[in-house]
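I opened this entry to keep track of what I looked up in the structure, working from single residues to the ligand and then to the chain as a whole.

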Amino acid sequence: MATVVLDSINKVYDDGYHAIHDLSLEIKDQEFLVLVGPSGCGKSTALRMIAGLETISTGEMRIGDRLVNNIEPKDRDIAMVFQNYALYPHMSVYDNIGFALKLSKVPKQEIDKRVRRAAAILELEPYLQKKPGMLSGGQRQRVAMGRAIVRQPAAFLMDEPLSNLDAKLRVQMRAEIAALQRELAVTTVYVTHDQIEAMTMGDRVAVLKGGYLQQVDTPQKLYDCPDNVFVAAFIGSPSMNLYDASLTVDGKGGSVALGSQKVQIGPEAFAARPALKGYGGKRLIVGIRPEDFEDAKLDSASPADRRIRGSVTLIESLGVEILVHFAIDARTVDSGDPDAVEKNIMDGQANAVGRFNPRSTAKPKATIDITVATENMHFFDAETRQAIWS
Ligand SMILES: Nc1ncnc2c1ncn2[C@@H]1O[C@H](COP(=O)(O)OP(=O)(O)O)[C@@H](O)[C@H]1O
Ligand SMILES: [Mg+2]
């Protein structure tokens, strides 16, 4: 049993910078938890505190049933895999994988057993006598994983282990690492700034911003029910469209004003969110995922009062779908993600992105009707930026 528990952890660096604020997280035995957030949000700091490479300012850290605040890294029974996995170039793959065991004076026979088993799992057997310089990037990354595996730790800690690999290899390795973790069933905390990596690998994902935990949940729950504007914009690509809007409550439910245009929302939106009625006549933030926009020409069954008009600025064809950037006269909302600028605003004009069916005939410079799946709309308080539910 190796749970990893962070209980109200704070980190204040020597220069006074408060990098982690009251972080509480409970990583279950055998769970794959991903810590994700923009660069500088404190992911590595948090991971290094679990590893014991960084002191904990206040709060309690437990691995298994043990309070580890004052336990040396080498005695915490964890294995870490970094971005710069720094293999020893003059040593064979075999010796690289077994090196930590040799240092810990594990008997030679036992080392041999564990190295060969790790090599078999990682499909590195043909390369055991080769030097790291002769391997591909993906193979080197597997050697780094091998070094962690042979230690049979209570937990794996991984800090952006794939960020030095090219895009294609990264996709392959993320599937391999996720499968390996499930096979070995070792509690894992994995750090990345890449939300797609987080979503595809994690049993649960913890989103961090500016040293504060925003939300921790399964990937699907984060996507479907983001707790606040930041998570809403951070999870998903292209990002959720977010607008300053106002709500009118009427007999049929209500309507949302996006700039000069209005779209109807049904009574079910209010039934699911008892607090929403209280926003009648008030400003709020409305979120629409790109897939909840569609070319009205392809969606003729959708009611006329759930459509908006937009002028198309740019079309990106992805084969399976097209991304249609368009402009409406509503004001967008800054999500608070420092890395988000190039994510959403492609040309300074468009403030909406839709994922349309590729059969759409929308063209740049045209003004088109767009349906809005208002049943999937997200609502946030304009002040607190928290999702409006109850
Ligand atoms: N030794 C340090 N002293 C002071 N500030 C630090 C130190 N290490 C990191 N920081 C700051 O703490 C914040 C979080 O850093 P880090 O945990 O490395 O972020 P991430 O891994 O999410 O990119 C950053 O603003 C960084 O500049
Ligand atoms: Mg980092």
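## Backbone outliers

I began with lysine 365, which is exposed, with a relative accessible area of 79%. The model is a predicted one, and I kept that in mind throughout. Lysine 365 sits in the loop between β18 (352-356) and β19 (367-372), and its phi is positive, about 75 degrees, although the residue is not a glycine. I noted this because most residues other than glycine have a negative phi.

I then looked up arginine 385, in the segment after β20 (378-381), and found a positive phi there as well, near 65 degrees. Arginine 385 has a relative accessible area of 28% and therefore counts as partly exposed, since that class lies between 20% and 50%.

Lysine 105, which follows α2, also has a positive phi, near 60 degrees. After α1 I found glycine 52 with a positive phi of about 90 degrees.

Turning to peptide bonds, I recorded a cis bond joining serine 237 and proline 238, with omega about -5 degrees. Proline 238 belongs to the loop between α8 (229-234) and β11.

## Asparagine 241

From that loop I went on to strand β11 (residues 241-250), where asparagine 241 is placed. Is asparagine 241 buried or exposed? Its relative accessible area is 1%, so I entered asparagine 241 as buried.

I next asked what the side chain of asparagine 241 reaches. The partner is the backbone nitrogen of valine 353, at 2.9 Å. Leaving aside residues up to four places away in sequence, asparagine 241 touches Val286, Gly287, Ile288, Arg289, Pro290 and Phe293, and also Asn351, Ala352 and Val353.

## Arginine 204

I looked up arginine 204 in strand β9 (residues 204-209). With a relative accessible area of 16%, arginine 204 counts as buried, because the cut-off is under 20%.

Which polar partners does the side chain of arginine 204 have? I found the backbone oxygen of glutamate 26 at 2.7 Å, and a polar contact of 2.4 Å to the side chain of glutamate 31. Both glutamates appear among the residues that arginine 204 touches beyond four places in sequence, a list that also includes Ile27, Lys28, Phe32, Leu33, Val34, Val216, Asp217 and Thr218. For phenylalanine 32 I noted that its C-alpha atom is 6.8 Å from that of arginine 204, while the two residues are 172 residues apart along the chain.

## Ligand 1 and helix α1

I listed the residues around ligand 1 as Tyr13, Asp15, Tyr17, Ala19, Pro38, Ser39, Gly40, Cys41, Gly42, Lys43, Ser44 and Thr45. By class, this shell divides into 5 nonpolar, 5 polar and 2 charged residues. Which element gives the most to the shell? Helix α1 (residues 43-51) does, with 3 residues.

For the oxygen atoms of ligand 1, I recorded a polar backbone atom of glycine 40 at 2.7 Å, a backbone N or O atom of cysteine 41 at 3.2 Å, and a side-chain N or O atom of serine 44 at 2.8 Å. The protein covers 62% of the 560 Å² of accessible area that ligand 1 has on its own.

Helix α1 is itself mostly covered, with 7 of its 9 residues buried; these are Lys43, Thr45, Ala46, Leu47, Met49, Ile50 and Ala51.

## Helix α2

In helix α2 (residues 93-103), I marked Val93, Tyr94, Asn96, Ile97, Gly98 and Leu101 as buried. The elements that cover them include α3 (108-121) and α4 (137-149).

## Cysteines and the whole chain

I counted 0 disulfides in the structure. Cysteine 41 is buried at a relative accessible area of 3%, whereas cysteine 225, at 23%, counts as partly exposed.

For the protein chain I wrote down 10 helices and 20 strands, with a C-alpha trace spanning about 75 × 45 × 35 Å along its principal axes. Buried residues make up 53% of its 390 residues. The chain exposes about 17900 Å², of which carbon and sulfur atoms supply 50%. Among contacts with a separation of 6 or more, 70% involve residues 24 or more positions apart.

Methods. Residues numbered from 1 in each chain as written. Chains lettered and ligands numbered in written order. Predicted model: local features only at pLDDT ≥ 70, side-chain atom pairs only at ≥ 80, totals over all residues. Heavy atoms only, no water. Near = heavy atom within 4 Å. Polar contact = N/O pair within 3.5 Å; in protein donor to acceptor, adjacent residues only side chain to side chain. Areas by Shrake-Rupley, 256 points an atom, 1.4 Å probe, with all protein chains shown as cover. Helix = DSSP H or I, 4+ residues; strand = E, 2+ residues; numbered from the N terminus. Nonpolar A, V, L, I, M, F, W, Y, C, P; charged D, E, K, R; others polar. Buried < 20%, exposed > 50% of the residue type's maximum accessible area, 1.4 Å probe, protein only. Contact = heavy atoms within 4.5 Å. Disulfide = S-S within 2.5 Å.
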